[in-house]
Each structure stands twice: as structure tokens, then as C-alpha cells.
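Welcome! Please look over the sequence and the 3D structure below, then work through the exercises at your own pace.

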Amino acid sequence: MFIRVNILEAGKEKVFIERYVKERMLIKKYTDTFFRDVTAFGGLFFYALVALVFLVLGDFAQSYRLIAGVVLIYVVAISIRTFYFKYRPSLQKFDTFWQRLDASSFPSVHAARAVVVAVVLGDATGNLTIRVAFGVLAVLVAVSRVYLREHDIIDVICGLALGALVAFVLVTFL
């Protein structure tokens, strides 16, 4: 009878572990989806969409700022990546110079673009709520890049700093 109780207890532990693993996998699935969606806000498509919306609304100054911003970000990032190559956490193969630039993870261009969009939108609206919301979104983009193993923490910190520097230049001089 004592042995039978231990077997039943072991069976309960196995069921508990199986349930726990299934729940963790489900949580990971939703977390992966969430961060994959969030990272899109630092993507070039979203950036271009915001610039296009400003253009359609007739706010040419903000559209010009965003275009100048993406050019500055890419000039700096390509310059850095040309002379300093840093592998991504999830290794990416490359054969050509352009593939090598894309395979390099330093600095995070997604994080830089997210900061520039946040600052330009905040400056254009003057609304504190929009500034805070897009600031939080920019930080979430940076976190998503680390979570998705596209960048290390130093890559996104430098990407955020690059975005802040470019945004400062845009707001101050354009």
C-alpha cells in the first residue's frame, strides 16, 4: 500500500510538470508574438508610414525631419558597421558586404528609429500623453530586440542613444 501511494504521488508530479511545461510554452508563444509585433514599431515600414502621414496632412516640416532622421541614422550605423562588426546573438550568415552590414548588430537601428519617431511625434503634437506613450513604446522596441535575440543590451542602449542624438539634432536645427 505504501508503494502504491508513492506511485500515485509520482504520477501527480508528472501531470503537474506536464501542465507547467504546457502553460510556460503557451505564455512563451504569446510573449514571442507580443514582442514580434512591438518590434515592428521600430521598423522602416512604420517609420515611413509616419512620415507619409505627416506628408499627406501637409506637415512638411515633420515629414522632412523624419526623412533627414532616417538618413542620419543610416549614415552613422553604416559607418560604424563598416569598421566595427559585432555578431548578433542569433548568428546570421552573410556573403556580401550589404549582408554583412545587415548581420552586424551594433548599434540597433530599430531602437534609434523608434526614439526619433517618438520625439518627432511628441514635438509635433506637444501632447505629454503622446510623448510618454511613444517614449514607452521606444523602450519596448529596445526590449523586444533583446528578447528576440536580435541584439545585446549594449546594442539597444547605443541605438537609443543614437536615436536621442539624431532627434536632438532634428528638433534643434530643423
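Here are five exercises, each followed by a worked solution. The model is predicted, so local features need pLDDT of at least 70 and side-chain atom pairs count only at pLDDT 80 or more, while totals for chains, interfaces and linings use all residues. Residues are numbered from 1 along each chain as its sequence is written, and side-chain values use heavy atoms, with hydrogens and water left out.

**Exercise 1. Find out how many helices and strands the protein chain has.**

Step 1. Use the rule for elements: helices (H or I, at least four residues) and strands (E, at least two) are DSSP runs, numbered from the N terminus.

Step 2. Count them: the protein chain has seven helices and zero strands.

Step 3. Read the order from the N terminus, which is α-α-α-α-α-α-α.

Step 4. Turn to burial, where buried means under 20% relative accessible area, exposed over 50%, and partly exposed in between (1.4 Å probe, protein chains only). Of the 174 residues in the protein chain, 34% count as buried.

**Exercise 2. Describe how α2 crosses α3, and how α6 crosses α7.**

Step 1. Set up the axes: they are lines fitted to C-alpha atoms, for helices over the stretch in contact, and angles run from 0 to 180 degrees between N-to-C directions.

Step 2. Take helix α2 (residues 44–56) and α3: their axes come within 7 Å and cross at roughly 155°. Angles under 35 degrees count as roughly parallel, over 145 as roughly antiparallel, 65 to 115 as roughly perpendicular and the rest as oblique. Therefore α2 and α3 are roughly antiparallel to each other.

Step 3. Take α6 and α7: the axes come within 9 Å, with a crossing angle of roughly 155°. That makes α6 roughly antiparallel to α7.

Step 4. Add the handedness: a crossing is left-handed if the near helix is turned anticlockwise from the far one by less than a right angle, and right-handed if clockwise. The crossing of α2 and α3 is left-handed, whereas that of α6 and α7 is right-handed.

**Exercise 3. Which parts of the chain does the salt bridge between D123 and R65 tie together?**

Step 1. Recall the idea: side chains of opposite charge can pair when their charged atoms come close. A salt bridge is a side-chain nitrogen of Lys or Arg within 4 Å of a carboxyl oxygen of Asp or Glu.

Step 2. Check the distance: D123 and R65 meet at 2.5 Å, N to O.

Step 3. Place the partners: D123 lies in helix α5 (residues 109–125) and R65 in helix α3 (residues 60–83), so the bridge ties together parts that are 58 residues apart in sequence.

Step 4. Compare burial: D123 is partly exposed at 30% relative accessibility, and R65 is buried at 8%.

**Exercise 4. Examine the salt bridges of K86 and R88.**

Step 1. Start with K86, which pairs with D152 through N and O atoms 2.6 Å apart at their closest. K86 is in the loop between α3 and α4 (97–103), and D152 is in the loop between α6 (128–147) and α7 (153–173), so parts 66 residues apart in sequence are tied together.

Step 2. Note that K86 is buried at 15% relative accessibility, while D152 is partly exposed at 32%.

Step 3. Move on to R88, whose salt bridge with E150 has its closest N and O atoms 3.5 Å apart. R88 is buried, with a relative accessible area of 7%, and E150 is partly exposed, with 22%.

Step 4. Look for a network: salt bridges link K86, D152 and D155. The whole structure holds five salt bridges.

**Exercise 5. Sort the aromatic pairs F35–Y147 and F97–W98 by type.**

Step 1. Apply the rule: rings of Phe, Tyr and Trp (its six-membered ring) pair if their centres lie within 6.5 Å; planes under 30 degrees apart count as stacked, over 60 as edge-to-face and the rest as tilted. The count comes to seven aromatic pairs.

Step 2. For F35 and Y147, the centres are 4.7 Å apart and the planes lie at 35°, so this pair is tilted. F35 is in helix α1 (residues 2–39) and Y147 in helix α6, 112 residues apart.

Step 3. For F97 and W98, the centres are 5.3 Å apart and the planes lie at 75°, so this pair is edge-to-face. F97 is partly exposed at 39% relative accessibility, and W98 is exposed at 59%.

Step 4. Finish with the cluster: ring pairs link F34, F35 and Y147.
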